[in-house]
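Consider how the chains of this model meet, and where their nonpolar residues gather. The paragraphs below take the interface before the cores.

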Amino acid sequence: MQLNKRKPVAVSLALATSALLNQTAAAAEDWQVDTGLLIYSESDSRVSATEPVISVTRNFADESSVSARLTLDSLSGASPNGAAVAAIPQTFTSASGIARLQKAEDDDDDDEIEEYGDRAYYVTQAGDTPYDENFEDNRTTLSLSWLRPLDNGFKLNLGGAYSTEGDFTSYSINTALSKDLAQNNTTLSLGVNLEFDEVAPDSGIPQPLTSIIAADTASNTDTKQVTDLVFGITQVMTRRWVTQLNLSLSQSSGHHDDPYKFLTVADQGNLIEDPNDNGLDGVTTYLYLYEHRPEDRQKISLYLQNKVAVFSNDAVDISYRYMTDDWGIDSNTFDLTYHLDVAGQFYLEPHFRYYEQTAADFYTPFLELGTDVSMSGTEINALVDYASADPRLGAFSATTYGMKVGVPLFRSHELSLSYEAYQQQDKNSYRETAAGSDLDGQDQFAELSANWIQVGYSFRW
Amino acid sequence: MKTLIPLMVAALLFSGCANVKPWQRDLLAKEHMALDSDPLRSAFNDHIYFSKEASSGGRGFGGGGCGCN
Amino acid sequence: MRQLLILMAGFVLSGFTHAELNLEPLKGKVVYLDFWASWCGPCRSSFPWMNSMQNKYEKDGLVVVAVNLDQEPELAEEFIAEMGPEFRIEYDSEGELAGKFGVSAMPTSYLIGRDGEIRVRHLGFHDKKRAAYEQEIQTLLGEE
């Protein structure tokens with residue numbers, strides 16, 4: 001799901017593994033249907049999304065199974081464009097947006113004018129976080145998976161996924177192999193996921209670290225390949241306790257820049273007029289450069305999960321994940337859920353999650369003229385190789401509090417409802433600015449607040 | 001290979017410590033004791049966090065449960 | 001055919017008794033001894049099949065004995081009420097019997113010949129092997 005524009009979804013490895021995972025006390029041949037609906041919203045009228053999902057699994061008499069999952073994603077709202085909060089209003093124009101709007105006006109295309117009017121030209125008030133306004137996106141993702149038990153306690157999973165959105169397409173294939181040992185008390189697993197993404201924004205891929213009004217397009221489309229490898233051990237420790245340890249490696253190569261995000265260039269904390277500004281209707285256009293991220297990213301993560309049965313029908317689920325990558329980001333995730341069975345009629349699952357990450361090496365809230373960027377006349381040169389102000393790459397911590405209620409109905413039918421509230425806290429070091437300048441004293445990180453509701457309905461027949 | 005060896009060692013150590021009989025898997029066989037008892041919900045949550053944070057994945061595989069067949 | 005050749009050499013049942021289970025009186029009959037639990041999915045598939053075997057071959061001397069290993073007795077009762085077994089049920093909640101028989105998977109079943117010797121062991125219950133399982137029973141019933 002792209003709750004952020006064109007972020008690829010590593011859906012297929014999860015589907016592959018969850019197929020292997022759901023080897024519960026299932027009887028022979030049946031169908032299993034799981035449906036869900038996510039309603040997500042962020043504070044400050046940022047993004048909101050609605051996402052229905054349906055997943056169907058057919059279990060066969062030979063203990064193999066096939067699964068298909070369809071996810072529809074409808075997203076609207078605004079997300080930070082990367083520019084810094086300033087004490088003065090800022091007008092954002094993009095040459096490509098203007099060109100597209102001009103063409104729409106020439107063609108008398110009212111729909112296009114209505115859709116892109118705000119994106120070609122919009123104003124952020126003093127003290128507000130600049131947002132890329134009013135976009136709407138619809139994405140469809142389909143994933144398929146086939147599980148087959150082999151001889152000698154081996155199980156094989158093969159799968160693939162396809163995802164499409166206006167300007168972003170993703171294809172992936174995956175495979176996983178597991179082996180049961182020690183009377184099924186130990187399971188060793190190995191999974192591989194290969195993903196290929198293509199991004200084709202309407203206005204082309206901008207040349208990184210160039211002015212947003214320069215209309216300097218590098219190409220029309222760009223691609224990225226991701227390879228993921230996961231090694232896992234699941235071990236039954238006691239009658240009440242099962243544990244899982246996974247080591248994941250990820251290599252991503254290609255285009256990682258967000259083609260819609262840029263950074264403010266400031267001179268001693270003051271906004272600078274873009275030297276290429278053609279003075280559109282007397283409006284001052286400041287200097288912003290498109291972001292740039294490295295072409296390669298390697299990640300390693302270690303995940304440990306423990307599930308302990310408490311009394312007869314309760315359980316504690318506690319997990320920890322450590323991640324580190326070569327962009328300078330380290331993260332820790334701690335997750336705790338308690339399953340409380342209420343008189344066998346329904347259950348409650350209170351949930352808590354704590355997350356923290358360090359910033360990417362090239363993360364900065366804005367670029368400094370002289371240090372990060374040099375300018376002579378109308379020529380602008382970046383002195384840094386990479387830069388991004390995307391809050392996703394900044395330093396922050398986040399806590400989630402949630403509750404799920406599950407009600408078993410007749411036969412195998414179950415209805416569930418959950419609510420989660422998420423809050424980020426800024427942990428970035430403040431980048432100094434000159435006293436009294438446009439950027440002085442302003443927030444440098446937009447802490448995200450979001451909450452979501454999920455409704456689920458599942459059954460077998 | 002360097003990361004594989006500690007994992008294999010861990011596997012050997014792990015398999016030494018459990019002596020849980022096949023008929024003692026009753027509690028682990030309960031649906032809520034599956035390592036991922038609500039895959040759709042996990043997928044939703046993983047996607048939200050993936051799009052708002054810089055980390056992703058980690059969770060994975062099968063095992064545990066009833067250990068039948 | 002191959003399954004019939006799985007012999008547990010030297011394992012003789014005669015004389016073996018347990019507080020809840022005495023197989024001595026069953027010598028001369030073919031016994032299908034099954035270890036099961038309510039939480040075991042394949043066990044759910046095996047019950048209707050065991051019912052059908054008991055009904056079909058009882059007159060020929062087949063006795064199905066299903067030993068329950070549930071540690072929460074009410075779950076076993078619910079399962080029995082739902083599945084309606086027409087064969088003998090025994091209880092071994094401490095797993096003593098299972099331990100002595102070396103049960104290493106859920107479910108595990110043993111086919112004991114008319115001579116009181118364990119002739120075949122099944123680890124798990126696999127739907128696609130039903131015909132083969134029945135074939136084994138017929139072969140053992142055909143002896144003596």
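In this predicted model, chain B and chain A bury about 6,400 Å² between them, and carbon and sulfur atoms give 59% of that area. On the chain B side 51 residues are in contact with chain A, where 90 residues take part. The polar part of the interface comprises 29 residue pairs in polar contact, both residues at pLDDT 80 or more. Salt bridges between chain B and chain A number 6. One of them joins the side chains of A:Glu349 and B:Arg41, at 3.7 Å from N to O.

Two helices of chain B, α1 (4-17) and α2, each supply at least two residues of the side that touches chain A. The largest share, 12 residues, belongs to α2(B). This helix runs over residues 39-52, a range that includes B:Arg41 of the salt bridge with A:Glu349. Its 14 residues span 20 Å from the first C-alpha to the last, close to the 20 Å expected at 1.5 Å a residue. Of these 14 residues, 13 are buried.

The largest nonpolar core has 49 residues. The members that touch the most others are C:Leu33, C:Phe35, C:Leu62, C:Phe101 and C:Ile137. Elements of chain C giving two or more residues to this core include the strands β1 (30-36) and β2 (62-68) and the helices α1 (41-57) and α4 (130-141). Beyond its neighbours within four places in sequence, C:Phe35 has contacts that include C:Val67, C:Leu97, C:Phe101, C:Met106 and C:Tyr110. A second, separate core holds 26 residues, among them A:Ala49, A:Ala360, A:Phe362 and A:Ala398.

Key. Residues are numbered from 1 along each chain as its sequence is written. Chains are lettered from A and ligands numbered from 1 in the order in which they are written. This is a predicted model: local features need pLDDT of at least 70, side-chain atom pairs count only at pLDDT 80 or more; totals for chains, interfaces and linings use all residues. Side-chain values use heavy atoms; hydrogens and water are left out. Helices (H or I, at least four residues) and strands (E, at least two) are DSSP runs, numbered from the N terminus. The expected span of a helix is 1.5 Å times one less than its number of residues. Buried means under 20% relative accessible area, exposed over 50%, partly exposed in between (1.4 Å probe, protein chains only). A nonpolar core is a set of buried Ala, Val, Leu, Ile, Met, Phe, Trp, Tyr and Cys residues joined through side-chain atoms within 4.5 Å. Contact means heavy atoms within 4.5 Å. Buried area is the accessible area (1.4 Å probe) that two parts lose on being put together, summed over both. A salt bridge is a side-chain nitrogen of Lys or Arg within 4 Å of a carboxyl oxygen of Asp or Glu. A polar contact is a pair of N or O atoms within 3.5 Å; within protein, one must be able to donate a hydrogen and the other to accept it, and residues adjacent in sequence count only if both atoms are side-chain atoms.
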